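Reader: Hello! Please take me closely through one part of this model, the way its strands pair, and then follow the links from there to the parts around it.

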Amino acid sequence: MTTFTRIPEGETPSISIDVNRRLSKIDPMIYGGFMEHMGRCIYGGIYDPGNPLSDEHGYRKDVLTALRELDIPVIRYPGGNFVATYHWQDGVGPRENRPSRPELAWLGTETNEFGTDEFMHWLGVLSQGREKRVEPYFALNFGTGTLDEALAWVEYCNGTKNTYYANLRRKNGHEEPYNIKYWALGNEMWGPWQVGQMTSADYAKTAAQWGKALKLLDPSLCLILCGETGVSSWDHEVLKECIQFVDMHSIHAYTASKEHIPNAIAPLSAERAIETAAALIDIARIEKNIPPSVPRTTICFDEWNVWDPIRAPGEEGAEELYTLSDALGVAVWLNVFVRQSKWVGMANIAQSVNVISPLMTTKEGISKQTTWWPLLLFSKYMRGWTVGVHVSGGAYDGVTEPKWLQNVLDQGASWLDVSASVNEDGILSLAVVNVSETEDFETELTGAGKDVEVYTVTGKDVKVVNEGDKQEVGIRESKWDGQGKYKFPKHSFTMLRWDTGKKVTDVKKGDGKRLDTRKMAWE
C-alpha cells in the first residue's frame, strides 16, 4: 500500500521506499485479459480467416505475437453481457451444423463459428513457449441458461469419465479434458440492461444452488460470484448468502471524464471499492462462521478500463481512441491493483482486442494505443510483492468522477500516484504517475538505488493519441544514477527499477480447507 501526507504546494515532494516493508504477494492474475463476442474482439480481432496475416486456423498471427508480449496469465470468455443469451452447445461440433442466433446484448448476430473448442485451441496457440498455459476463465449463462446446461458445459470441458458430454468432447476431436478451473456464476445480473436481470435475493438463492451442484460435479472449480461495484448493497447481500460456495467475488467498474485530472484519478474510486468489498467479504465470513483455515474469498475485478460508452457505444463495437490522459488513467488503475494486492486475486482488462482495447487491428496490421504502454510495463515488471511506500506532496482538490470519490479523498488526490513492488531477485520497481497537466515535480527519493533503469510514457499534451502509423506515445528508456532529486515530468507515467541486492524468500501460510458440498462441512 501507499500512505500519503499532504504538504503545501510549492514544497519539495518526497517518496520514501523501504524494501523491507514487503507487504502482500501480487497475484500475477491481475494482468488478465477478456474476450467477449462483441464488436470486433473475436471476429476480425483474434479470428480473421482469409486474411493474409492469419494462420491456417484463421488466427491473427500479429495479434498472437502482441498478446504474448503482455504475458497474460488468464483470459475471461465468452462474456460479458453476451453470455446471458449464449448457449454453449450452439458453438461445438461441425461448423456447418451450428446455428446462427440473434445476439441480444449488443444487437448483432452470433454465427457460432468460433466456440468453446476454437477458443481453447487458440489459447493453446497463444500459450506456446510459456512455462504455464494461459488459463481460461468461462462465464456461465445466468440469464436464459439452466443449471443442467451449466453442469453439461463443465462436464464437456473437464469430464474424464465415460459420460455423455465428456464423450461428446471426445467425439468432437478433443480426447483430453480442458481442465478449466475458473467459472463465473453469471455476469452483472443486477443490471437493468441484462437479459434475465435478478434481484439480489433471487440471484443469491440461485447462485448458492448452482455453486453447490457445480462443486459436487467438480470440487476443483474456482467459482466467481457476481458482485456489482464493491460499494453496493447487492455485494453485501449476495456475499452473506453465498460466501461458503464461492472462491472469488467479482466487481466491475469503468472510469472516464472529459476533463484530464478527473479522468486520470477516477480509478481511485476502484481502490475504495476494493477496500469496501474486502470488508464485506470479512463480514460474510464472520456471520457464516467460516473457519480461519479456509482461504479468504478474494476479489476478481474482471471488468475494468477507461471507457466512455457515449463516446464509444457498445452496440457500435465500443472502439475507443485512447489519449495520453487515458493512458495515465490506466496506469493509476494498475497502481491500485498493486497497492491492493492483499485483496485482489484476479483482474481482467476489458477487453483485449479492438473493443475498448489497447490493441487494435486493421486488415493490414495492428496498432498499439496509448494505453498499451503502461499495461506492458506493469505486466512485465510489477510482479512479486507490494512494497510499502510513503508519499509527501501536494494534492488535487477539485471535482471528481464519480462525484462520491471527492468525499473519500480526505487529503485530496496526490499529484504523484505511486506503487512499488519487489521480485524474488530483489529488483525493486517504482511506478509513478504525475497526473498534473502543467507541473514537473522534482522529488526527493529516499531508498532509491544506483544504476536505475528509467521507463517514461508521456507525450506533448494529454490529448495526443496513437492512430495508425502516427505513434505519439510510447516508452522512452534512459538511466539515472540515483543521486539527488528525480524530476517526474508533467502528465507522465514513469517506472524506475533498481537492484536492491536482497533476494526475497517467500514464507507461505499453510494450505486451507475446502467445503465438502456432499457433507456441507469443511474438510
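Author: Two strands are said to pair if DSSP finds at least two bridges between them. Strands here are DSSP runs of at least two residues marked E, while helices are runs of at least four residues marked H or I, and both are numbered from the N terminus. You are looking at a predicted model, in which local features need pLDDT of at least 70 and side-chain atom pairs count only at pLDDT 80 or more, whereas totals for chains, interfaces and linings use all residues. Residues are numbered from 1 along each chain as its sequence is written, and side-chain values use heavy atoms, with hydrogens and water left out.

Let us start with strand S21, residues 452-457. Strand S26 (residues 492-499) runs antiparallel to S21, and five bridges join the two. One place to see this pairing is Tyr-455, which stands opposite Met-495 of S26. S21 also pairs with strand S24 (residues 476-480), again in the antiparallel sense and over five bridges. There, Val-452 has Trp-480 of S24 as its bridge partner. S21 is largely enclosed by the rest of the structure, because five of its six residues are buried. Buried means under 20% relative accessible area, exposed means over 50%, and partly exposed covers the range in between, with a 1.4 Å probe and protein chains only. When you turn the view, it helps to remember that side chains in a regular strand alternate between the two faces of the sheet.

From here we can move to a sheet with parallel pairing. It is an open sheet of eight strands, in the order S3-S4-S7-S8-S9-S10-S11-S12. Strand S3 (33-34) and strand S12 (344-349) stand at its edges with a single partner strand each, so one side of each has no neighbour in the sheet. At the S3 edge, S3 and S4 pair in the parallel sense over two bridges. Phe-34 stands opposite Arg-76 in S4, and that arginine is a good residue to follow.

Arg-76 forms a salt bridge with Glu-303, and their closest N and O atoms are 2.9 Å apart. Arg-76 belongs to strand S4 (residues 74-77) and Glu-303 to strand S11 (residues 298-306), so this pair ties together parts that are 227 residues apart in sequence. A salt bridge is counted when a side-chain nitrogen of Lys or Arg is within 4 Å of a carboxyl oxygen of Asp or Glu. Both partners are buried: Arg-76 has a relative accessible area of 1%, and Glu-303 has 6% relative accessibility.

The structure holds 24 salt bridges, and two others make useful companions. Arg-133 and Glu-135 form one, with 3.3 Å between the closest N and O atoms. Here Arg-133 is partly exposed at 30%, and Glu-135 is partly exposed at 21%. In the other, the side chains of Arg-170 and Glu-175 meet at 3.5 Å, N to O. Arg-170 counts as partly exposed at 21% relative accessibility, whereas Glu-175 is exposed at 51%. Elsewhere, salt bridges that share partners join Asp-48, Arg-60, Asp-62 and Lys-363 into one network.

Strand S9 of the parallel sheet leads us on to the helices. Helix H5 (residues 200-217) has buried residues that pack against strand S9 (222-226), helix H3 (147-158) and helix H6 (233-242), where contact means heavy atoms within 4.5 Å. Among those buried residues of H5 are Tyr-203, Trp-210 and Leu-214. H5 has 18 residues and reaches 25 Å from its first C-alpha to its last, close to the expected 26 Å, a span given by 1.5 Å times one less than the number of residues. Another covered helix is H10 (residues 372-381), in which nine of the ten residues are buried, including Trp-372, Trp-373 and Phe-378.

For contrast, here is a residue from a loop. Lys-132 sits between helix H2 (116-126) and strand S7 (135-139). Lys-132 is exposed, with a relative accessible area of 64%. Between Lys-132 and Ile-286 there are 36 Å in space, C-alpha to C-alpha, and the two are 154 residues apart in sequence.

A second loop residue is Trp-404, found between strand S16 (395-396) and helix H11 (405-408). Trp-404 is partly exposed, with a relative accessible area of 33%.
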